Every structure is written in C-alpha cells, then in structure tokens.
Amino acid sequence: MSLFNVFDIAGSAMSAETVRLNVTASNLANAQSVGSSEQSTYHARHPVFASVMGSLRDNAASAGVAVSGIVESQAPLEQRYQPEHPMANEEGYVFLPNVNIVDEMANMISASRSYQGNVEVLNTSKQLMLATLKLGQ
C-alpha cells in the first residue's frame, strides 16, 4: 500500500462521517414533528457504511469507506392522544417520529470523534511525508 492511499482512505471515511452527521442532524431536527398517520410521519434514518476495496491501481489496491445506503428505522412510532391538535386523525391521535434524542446525540458525538480521528490521520501522514522529504536535503 502506498502512503498516498492513506489520504484516499481517510478522505473517504471523512466523507462517510459527514453523511452520518447530516443524517443525524436531520433526525434531531425532525424529532418533535407530528403527523396524522404512520405514512406521513417522519421515520428516523441511519446510514449504512461499507468497506470498499477497489481495483489495482499503480500496483496498489485502493480502499476506503462508502455509504451504501440510508435506511429508515422500523421501530414503531409513538402515538399520542391529542384530539385538539390540528394534525390529529379521526380517533384523536397524532404520531410522533421514532427518533430517540439521546441515541442521536451519542451518534453525533461518535461521528464527530471519528471525523476528528481521520483528520489526525491525515495530518500525521502529511507530517511523516514531509519529514521523509527533508531526509534528502
């Protein structure tokens, strides 16, 4: 593996973590939205990561992380009896999303730390490459 592949791997991981942060932010933004039916109510979403091993390029395999998709949570929605609410259905219930705010905050912290770790990998690799170049002076 070439030293330059470290940049590809860490960069793809940072892109995947960016998607994770954006999806988590969307879940948090919609955590208190209500709907009149299960179909019209927001469902929590989560990205699915996959490791990627590409074709041989310059006698070295390219690798990285990719987001293979974003799936909706199958957890049941919360029903709340509020007949005075304008979004209430015929029985007087409104539906709340299946977003767990505590889990989403933990997920956001984890994604942020993973992103930060990949930034450190990039910085360390850059410093090592610069130090290697200075050996020839």
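The following paragraphs describe a predicted model, beginning with a helix and proceeding to salt bridges and a surface patch.

Helix α1 comprises 27 residues, from 3 to 29. At 1.5 Å a residue, a helix of this length should span 39 Å; the C-alpha atoms at its ends lie 40 Å apart, which agrees with that expectation. Several positions along α1 are buried, among them N5, A10, M14, V23 and N27.

Two charged residues of α1, R20 and E17, are likewise buried. Their side chains meet in a salt bridge, with an N to O distance of 3.1 Å. Because R20 and E17 are 3 residues apart in helix α1, about one helical turn separates them.

This pair belongs to a set of 3 salt bridges found in a search of the whole structure. Another joins E72 to R45, whose closest N and O atoms are 3.1 Å apart. This contact links distant parts of the chain: E72 lies in strand β2 and R45 in strand β1 (residues 45-57), 27 residues apart. E72 has a relative accessible area of 39% and is therefore partly exposed; R45, at 28%, also counts as partly exposed.

A further salt bridge is formed by E78 and R80, with the closest N and O atoms 3.1 Å apart. With relative accessible areas of 39% for E78 and 35% for R80, each residue is classed as partly exposed.

Strand β2, which covers residues 60-72, also contains V67. Together with F49 and I70, V67 makes a nonpolar surface patch of about 220 Å². The relative accessible area of V67 is 31%, so this residue is partly exposed.

Notes
Residues are numbered from 1 along each chain as its sequence is written. This is a predicted model: local features need pLDDT of at least 70, side-chain atom pairs count only at pLDDT 80 or more; totals for chains, interfaces and linings use all residues. Side-chain values use heavy atoms; hydrogens and water are left out. Helices (H or I, at least four residues) and strands (E, at least two) are DSSP runs, numbered from the N terminus. The expected span of a helix is 1.5 Å times one less than its number of residues. Buried means under 20% relative accessible area, exposed over 50%, partly exposed in between (1.4 Å probe, protein chains only). Patches are made of residues with over 30% relative accessible area and no salt bridge: like charges are joined within 9 Å, nonpolar side chains (Val, Leu, Ile, Met, Phe, Trp, Tyr) within 5 Å. Accessible areas come from the Shrake-Rupley method with a 1.4 Å probe; for residues, only the protein chains shown count as cover. A salt bridge is a side-chain nitrogen of Lys or Arg within 4 Å of a carboxyl oxygen of Asp or Glu.
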